[in-house]
Amino acid sequence: MKVGSPRFKEKTLVALADPNLRQALGQSRKGFVNGRAALVAGVPEFEAMRDQARDVKNHVLANLDHYLERFEASVTAAGGHVHWAADAEDARRIVLDICQRVDAKVVTKGKSMVSEEIGLNEALEEQGYTVVETDLGEYIIQLAHEPPSHIIAPAIHKTKAQVAELFEAAHGGPRKTTVGELVTEARLVLREKYFQADVGITGGNYLVAETGSSIIVTNEGNGDLTQTLARVHIVTSGIERIVPTLDDVALFLRILARSATGQETETYTTLSTGPRRPGDVDGPEEYHVVLVDNGRSKMLGGKFQDMLRCIRCGACMNHCPVYGAVGGHAYGWVYPGPMGAVLTPLFVGLDATRDLPNACTLNGRCQSVCPVRIPLPELLRELRHRQHEQGLRPPGQTRAIGAWRFVAERPRLYQFANRMAARVLKKMGGSAGRIANLPGGAAWSGLRDLPAPQGQTFLELWQARRK
Amino acid sequence: MSPRVGLFATCLMNLFRPNVGFAAVKLLEDAGCSVEVPLAQTCCGQPGYNAGDFDAARALAKQVIAAFEGFDYVVGPSGSCMATIRHDYPKLFADDADWRPRAEALAARSFELLSFLADVRGVRAVAADYAGTVTYHDSCSGLRELGVKAQPRLLLGSVGGLKLAEMSDTEVCCGFGGSFCVSYPEISGRMADDKLACVAATGADTLLGGDLGCLLHLAGRLKRCGSPVKVFHTAEVLAGMADGAGIGDQQEVQK
Amino acid sequence: MSDARQTILGQIRAALGRGPLPADAAAALDARVPRHTRLGFDDDPIQRFIEKFESRAGTVARIASLAELPDAVAAYRHRHGLPPRAAVARPLAGLAWPADFIHHPGPAGKEEILSVTPCLAGIAEIGSVMLAAGPDSPTTLNFVPDHHLAVLHTGQIVRHFEDAWALLRARPEGIPRTVNIVSGPSRTGDVELTMQLGAHGPRSVQVILVGA
């Protein structure tokens with residue numbers, strides 16, 4: 001997928017000026033945030049569960065090779081196939097090869113962030129396959145030719161009217177006016193596709209080493225129709241999504257929906273283990289899991305390993321005030337919000353993503369709701385450190401920090417500079433007590449006055465008082 | 001025996017709002033502490049740390065560590081600076097056998113002002129009056145890194161004449177975020193406006209908070225929009241020293 | 001393909017600073033039995049199951065014995081104005097269905113309106129039914145029809161997920177190809193976060209609870 005992150009600032013300005021987006025983000029923020037808060041308040045064990053979820057993930061990462069091999073053995077024993085993809089190109093090729101071998105025409109897809117990450121739709125369409133996203137949100141943005149703006153609510157930025165317009169263009173009129181009509185229309189259109197599909201591709205929330213099962217969690221049931229009705233079911237999933245046993249899955253099921261959408265559970269949790277068996281009258285004839293690395297193993301053992309715990313619930317973005325102001329598209333790639341601001345630089349490189357680690361106030365609200373306790377602010381700061389070391393920070397800021405350090409390392413000079421600043425700014429504030437136009441400081445005073453200092457510094461007054 | 005407290009004079013307090021420093025001194029002395037202010041102090045180093053310049057942060061951290069050795073406690077009227085000292089200094093020196101113990105020792109006795117008063121000194125009430133309805137913004141570092149939540153409310157509850165009207169989303173960031181507020185002014189402005197809409201909805205005439213970064217940012221935006229809402233640091237109200245001009249308001253002519 | 005496998009496993013081991021795990025360490029991992037915190041609740045599991053399932057727009061009808069199922073299905077059909085045909089899973093086919101009731105064991109096709117299936121368990125902690133795919137319970141019956149009637153015996157209701165997994169593991173044929181945990185009708189909030197039932201799967205799911 002094309003990386004739009006270099007145009008972050010430009011995109012944020014567009015987003016901030018979009019009243020529809022503002023309304024949509026306001027709604028979702030309230031819905032998800034309040035929903036989570038209400039549910040978590042009713043589960044006294046929740047904090048203990050977060051600790052355990054973190055610990056299980058850490059345990060898996062420390063033994064990832066073993067659990068991957070065990071998962072592979074379990075899938076194989078159930079008659080399925082495991083494919084290993086070192087990078088996005090590998091992953092695309094594996095899927096394309098399967099589609100070609102089974103002579104596929106129509107490919108349906110349940111929601112899979114990994115498939116977005118590896119640019120699977122474009123690759124399939126290039127080869128002439130008809131690709132249909134079946135999650136309603138994904139379907140909407142597929143019609144709009146846009147990337148998702150949220151990892152669990154991909155079309156959260158679209159209003160009902162915008163969806164109606166897209167549907168009218170794609171399906172013909174008359175234009176629908178209610179959400180109910182829109183959902184029914186999508187239901188009828190997509191129903192045909194499920195039955196036509198040769199290959200159904202889904203993601204995998206969890207890959208269970210014990211049983212060789214892949215698990216999806218959805219509200220719509222689209223993933224189930226996708227994988228049940230197609231001849232071939234392909235799961236694309238990151239290598240870090242392994243959990244050892246079903247009992248570990250229980251733990252994650254208890255925190256996932258509560259963190260993600262503020263529900264006690266999503267409507268459907270589905271475990272898939274191998275293909276159709278003797279006597280079965282439905283289900284896929286083939287079952288494949290594509291294990292995608294694509295940079296993940298390089299995160300292991302380093303400063304960013306904690307990020308591999310991520311279960312893609314979206315709680316961090318739901319609670320992020322920056323995401324809440326600008327939405328997901330500004331981040332410019334697959335993963336938005338705090339988790340995206342960490343992952344995108346790691347996946348696509350620091351150079352093309354210079355804004356992402358910086359467009360954050362380090363307020364820590366994301367970390368406070370992360371079900372697997374990823375220290376997101378610390379990881380963002382670490383990325384800033386990498387930027388600093390590689391000379392990728394804004395030169396003006398680097399100079400300012402250098403000058404600040406020079407002065408702050410010299411207490412007498414520092415105090416002198418402060419005394420001067422206190423006087424000059426006080427004078428500039430005049431009788432108003434504030435500065436409306438700060439020379440050279442438009443980034444501050446474009447939107448805010450600068451409250452004027454009181455005229456003398458604290459240390460100066462303190463010394464005077466002691467004498 | 002009264003504990004010796006070194007006051008950490010934060011950069012913004014020192015330059016913009018000495019009144020907050022004197023309010024802190026009064027509150028600490030009222031709580032039975034003897035307060036000193038080391039003159040060799042400058043900045044905690046957080047600007048460098050958050051800009052990814054860990055060397056700069058370490059250089060300044062060493063200066064702070066040296067300046068405040070020997071005190072029973074180090075207290076500052078800021079959740080942000082004190083969280084840096086408490087949580088980040090030990091991390092900055094994690095691989096430094098000489099400095100790590102010193103950083104940890106400092107971290108262990110460093111506190112944000114109100115949590116120190118309430119949690120360490122057991123202060124339950126202050127002797128102050130404030131005639132007005134206030135709303136309190138939970139600054140993020142204090143709230144999430146230091147657990148400053150109940151203490152300001154407890155102490156504000158003892159201020160005569162003061163009515164506290166809680167705003168919705170009080171735990172949501174105001175958009176200051178250090179250099180963030182000038183690197184991404186438009187996003188920062190939107191966050192400020194969201195926050196100030198919550199403030200306005202309470203009908204409060206005064207906005208309080210524990211960090212001058214947030215307060216300068218919010219006061220600046222309030223005043224730009226022509227709002228009459230006054231802004232003070234919580235310590236000023238608790239010390240009975242909020243009788244002068246609010247942050248960003250017209251100041252009396254100095255004699 | 002095996003190249004990628006070696007590359008990935010090699011990178012993981014390099015990052016972890018070790019080679020493949022020794023056999024005893026691997027065996028210890030495979031023997032690991034986690035004991036995670038479970039959701040605590042005091043309410044009666046059957047009552048809790050019903051309350052939770054109904055809280056998400058699912059419905060629950062109760063009958064005393066399986067012999068009453070044909071009547072319960074007929075009542076449901078009449079209430080929703082459905083024709084007398086359905087996909088009825090094999091274990092339920094032998095009941096005394098009305099003469100005019102046309103049924104087949106699946107799979108469910110595009111035009112299927114109604115299905116009647118057995119369940120493997122009910123999970124009280126969240127109020128969901130668990131269905132195990134197989135010749136006696138085709139997966140399409142759970143997703144394709146507009147209306148799904150899931151037949152659950154009160155004795156099948158367990159407290160937690162872990163108890164349900166134990167039932168899966170205890171099956172002589174092992175883990176089913178597909179396990180569906182269904183918590184109510186299909187729904188979506190993808191347009192303006194407005195909750196709408198019947199996104200892709202059934203618009204209506206009724207648990208027919210058998211026994212006291």
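Good morning. I begin with a cysteine: B:Cys214 is buried, at 10% relative accessibility. The setting is a predicted model, and the cysteines in it make a convenient opening topic.

B:Cys214 belongs to no disulfide, and its nearest cysteine sulfur, that of B:Cys174, lies 4.0 Å away. Because a disulfide calls for two cysteine sulfur atoms within 2.5 Å, that pair is not counted. The search covered the whole structure and returned zero disulfides over all chains. A:Cys360 is likewise in no disulfide, with the sulfur of A:Cys366 as its nearest cysteine sulfur, 6.3 Å away. A:Cys360 is also buried, and its relative accessible area is 14%.

Let me turn to how the chains are arranged. Two pairs of chains touch, and the pair with the most contacts is A and C. Chains B and C, by comparison, do not touch, and their nearest C-alpha atoms are 20 Å apart.

I take the interface of chains A and C first. How many residues does each chain bring to this contact? Chain A contributes 101 residues and chain C contributes 74. The size of an interface is often given as the accessible area lost when the parts come together. For chains A and C the buried area is about 7,300 Å², with 56% of it from carbon and sulfur atoms. On the chain A side, A:Trp84, A:Arg187 and A:Arg254 supply 10% of the area buried against chain C, more than any other three residues.

The polar side of this interface is as follows. The rule finds 16 salt bridges between chains A and C. One pairing to look at on the screen is A:Asp280 with C:Arg177, a salt bridge whose closest N and O atoms are 3.0 Å apart. Polar contacts across the interface involve 50 residue pairs, both residues being at pLDDT 80 or more. Which element of chain A gives the largest share of the side that touches chain C? Helix H10, residues 179-196, does so with 11 residues. By residue class, that side of chain A consists of 43 nonpolar, 31 polar and 27 charged residues.

A single residue of chain C illustrates this contact. C:Pro34 sits in the loop that joins helix H2 (23-30) to helix H3 (45-55) of chain C. Neighbours within four places in sequence aside, C:Pro34 is in contact with A:Thr245, A:Asp247 and A:Asp248. Is C:Pro34 buried or exposed? C:Pro34 counts as buried, since its relative accessibility is 10% and the cut-off is under 20%.

The second interface is that of chains A and B. Here 70 residues of chain A are in contact with 73 residues of chain B. Together the two chains bury about 6,300 Å², and 59% of that area is on carbon and sulfur atoms. A:Leu447, A:Gln454 and A:Phe458 supply 12% of what chain A buries against chain B, more than any other three residues.

Across this interface the rule finds five salt bridges. In one salt bridge the side chain of A:Arg22 meets that of B:Asp194, at 3.0 Å from N to O. The polar contacts between chains A and B come to 32 residue pairs, again with both residues at pLDDT 80 or more. Helix H20 of chain A, residues 411-429, gives the most to the side that touches chain B, with eight residues. That side of chain A divides into 31 nonpolar, 19 polar and 20 charged residues.

Thank you; I am glad to take questions.

Key:
Residues numbered from 1 in each chain as written. Chains lettered and ligands numbered in written order. Heavy atoms only, no water. Contact = heavy atoms within 4.5 Å. Buried < 20%, exposed > 50% of the residue type's maximum accessible area, 1.4 Å probe, protein only. Helix = DSSP H or I, 4+ residues; strand = E, 2+ residues; numbered from the N terminus. Buried area = accessible area lost by both parts, 1.4 Å probe. Salt bridge = Lys/Arg side-chain N within 4 Å of Asp/Glu carboxyl O. Polar contact = N/O pair within 3.5 Å; in protein donor to acceptor, adjacent residues only side chain to side chain. Nonpolar A, V, L, I, M, F, W, Y, C, P; charged D, E, K, R; others polar.
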